[in-house]
Amino acid sequence: MKKLINAVDDVVKDSLFGVEAAHSDIVAVDHDNNVVYRIDAPVANKVGIISGGGSGHEPLHGGFVGLGMLDAACAGEIFTSPVPDQMFAADKLVDGGRGVLHIVKNYTGDVMNFDMAAEMAAAEGIRVESVVVDDDVAVQDSLYTAGRRGVGLTVLLEKIVGAAAEEGKDLDYVADLAKRVIANGRSMGMALSGCTVPAAGKPSFELADDEIEVGIGIHGEPGRERRQIGTAAEIAQMLVRPILDDLDYRGSEVIAFVNGMGATPLIELYIMYNEVAKILQAEGVRVVRNLVGNYITSLDMAGCSVTLLRADDEMLHLWDAPVVTAGLRWGK
Amino acid sequence: MALDVAAAAAWMHDFAGVIDENAELLTDLDREIGDADHGFNMDRGMKAVAALDPSAFAKGGDYLKKAGMTLVSTVGGASGPLYGTFFLRVGGAWADDMDAAGLGKALRAGLDGIVQRGKASVGEKTMVDALSPALDAYDAHAGEGVAAALAAAAQACAAGRDATIPLIAHKGRASYLGERSAGHQDPGATSVTMLIEAASRNLA
């Protein structure tokens with residue numbers, strides 16, 4: 001294992017010190033609880049938006065803390081859900097009197113830890129609503145699994161919901177909006193290589209030179225199936241087809257998001273974006289906004305994911321609204 | 001023997017040691033069908049539990065409840081809430097002077113907590129597949145005393161753990177693998193077997 005680290009046990013801590021040093025104009029860090037929060041938190045009369053999850057997905061979530069997006073992000077150990085104490089600490093940091101929305105990615109551990117945190121916050125008199133993101137169409141049989149995983153849509157959701165909170169919408173409104181976004185977004189990912197969790201020291205899975213893993217999540221877990229590698233055009237089909245089969249996007253306006261898993265260069269992501277856009281055009285899906293880059297990663301995994309969100313006018317307006325975070329910044 | 005703070009602490013220290021020795025094994029099992037962190041997370045949590053000062057607690061149940069809260073606050077993932085809830089419930093039902101039947105009830109309160117929090121049932125390739133038959137075996141042998149009941153529980157727990165190998169996971173991160181999860185031993189069933197084996201060494 002070759003990594004730019006000081007010590008395996010210090011990876012998350014050291015990285016959070018770096019986030020704070022680099023972005024002190026936007027965020028501060030509660031180092032006791034590994035919570036990244038807006039420097040102006042709590043913002044009076046604004047619904048607080050928090051998220052969190054295992055580390056290793058940067059810039060998600062800490063890189064999306066700031067004006068127009070998240071109020072706080074809780075960083076767990078690598079690929080491990082944060083503990084309830086962290087979300088409870090974040091709730092107290094960001095509650096501006098109008099309640100807090102928890103954005104939870106659908107993983108067994110995340111859901112349980114956020115549930116326990118919501119119970120703690122309720123006991124303290126903080127109103128919490130929770131939404132669970134589950135956009136991964138690779139999980140076909142939700143009945144016999146823990147359900148679809150929360151992946152790429154989380155980025156688009158945090159942007160849109162954060163903008164609504166910034167405009168002064170109340171907690172019920174923001175939670176309903178979040179559920180609408182979740183209902184209209186789908187994702188599918190693939191890997192060219194596994195990734196190496198620092199504490200484990202070896203890759204999560206190994207692929208031969210001509211193999212790819214299709215239907216991966218964001219935790220280095222193997223996907224649904226191993227296939228022969230193809231061209232970018234063929235791989236775009238493997239990712240976009242299952243999305244279109246799951247939700248009919250024809251004739252709709254969508255935000256198209258091609259995300260890198262961490263170790264894939266932008267030159268390849270743009271090739272993928274072009275192939276994805278061609279398929280969507282041929283299918284009559286109208287791409288009206290897009291995002292291309294490494295936004296929800298899986299450490300040093302190579303590969304990409306595609307997310308489509310069927311967006312109404314309000315979602316597009318909120319997507320365009322100003323955002324000032326380390327990971328996304330426009331309009332201000 | 002009294003199931004006092006010293007007995008509960010001996011159980012936890014033994015378990016912490018076994019987890020420490022097997023952290024790599026548990027993480028390797030988790031790498032095959034999960035996300036390669038079970039051993040390290042449990043090790044971090046149990047080291048925090050082992051650092052608790054038993055003399056600060058009047059009763060075994062108080063100590064175990066604190067152990068549960070410590071795990072919730074340090075482990076994360078699914079294991080934190082599940083093991084944490086287990087010890088919170090076991091501690092809540094614990095009495096220092098309980099008999100074999102009482103210990104059986106306390107352990108079952110812990111299992112009920114795990115089922116409630118994780119919503120898993122038997123056959124879904126989780127820790128429940130080891131713990132549930134273990135407590136059935138315990139109850140069947142409770143009339144023979146704590147030592148016999150715990151020995152039977154440990155044996156049934158290990159058998160349940162081994163029986164997870166051919167199962168297809170329906171809960172937790174392994175469930176995303178579908179049929180590819182078959183052929184691998186469940187890490188949670190493995191660690192909970194270590195817990196019950198430690199109980200049989202220290203509570204009898």
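Where in chain B is the place of Lys125(B)? I looked it up and found Lys125(B) in the loop between helix H5 (100-118) and helix H6 (128-141) of chain B. Helices (H or I, at least four residues) and strands (E, at least two) are DSSP runs, numbered from the N terminus.

**Conventions.** I am working with a predicted model, in which local features need pLDDT of at least 70 and side-chain atom pairs count only at pLDDT 80 or more, while totals for chains, interfaces and linings use all residues. Residues are numbered from 1 along each chain as its sequence is written, and chains are lettered from A and ligands numbered from 1 in the order in which they are written.

**Backbone outliers.** I noted a phi near 65° for Lys125(B), a positive value in a residue other than glycine. Lys125(B) counts as buried because it has 27 C-beta neighbours inside 10 Å. The cut-offs are 20 or more other C-beta atoms within 10 Å for buried, 12 or fewer for exposed, and partly exposed in between, with C-beta atoms placed from the backbone.

In chain A, I found that Leu299(A) has a positive phi of about 50° although it is not a glycine. Leu299(A) sits in the loop between strand E11 (286-293) and strand E12 (303-310) of chain A. With 24 other C-beta atoms within 10 Å, Leu299(A) is buried.

I also listed cis peptide bonds. One joins Ala41(A) and Pro42(A), with omega about -5°; Pro42(A) is in the loop between strand E2 (35-38) and strand E3 (48-55) of chain A. Another joins Leu60(A) and His61(A), with omega about -10°. I placed His61(A) in the loop between E3 and strand E4 (72-78) of chain A.

**Chain A overall.** I counted eight helices and 14 strands in chain A. Its radius of gyration, 19 Å, agrees with the value near 20 Å for a compact globule of 332 residues; the radius is taken over C-alpha atoms, and the globule rule is 2.2 Å times the number of residues to the power 0.38. Along the principal axes, the C-alpha atoms fill a box of roughly 55 × 50 × 40 Å. Of the 332 residues, 58% count as buried.

**Domains of chain A.** I have domain 1 at 8-184 and domain 2 at 185-310, with bounds from an automatic or database domain assignment. Their centres, taken over C-alpha atoms, are separated by 23 Å. In contact are 23 residues of domain 1 and 30 residues of domain 2; a contact requires C-beta atoms, placed from the backbone, to lie within 7 Å. On the domain 1 side, helix H4 (153-166) and helix H5 (171-183) of chain A are the elements giving two or more residues. H4(A) has the largest share, four residues.

**Chain B against chain A.** I find 26 residues from chain B and 30 residues from chain A in the contact. On the chain B side, helix H1 (5-33), H2, H3 and helix H4 (79-92) each supply at least two residues. The largest share there, three residues, comes from H3(B). By class, this side has seven nonpolar, 12 polar and seven charged residues. Ala, Val, Leu, Ile, Met, Phe, Trp, Tyr, Cys and Pro count as nonpolar, Asp, Glu, Lys and Arg as charged, and the others, Gly among them, as polar.

Terms used: Contact = placed C-beta atoms within 7 Å.
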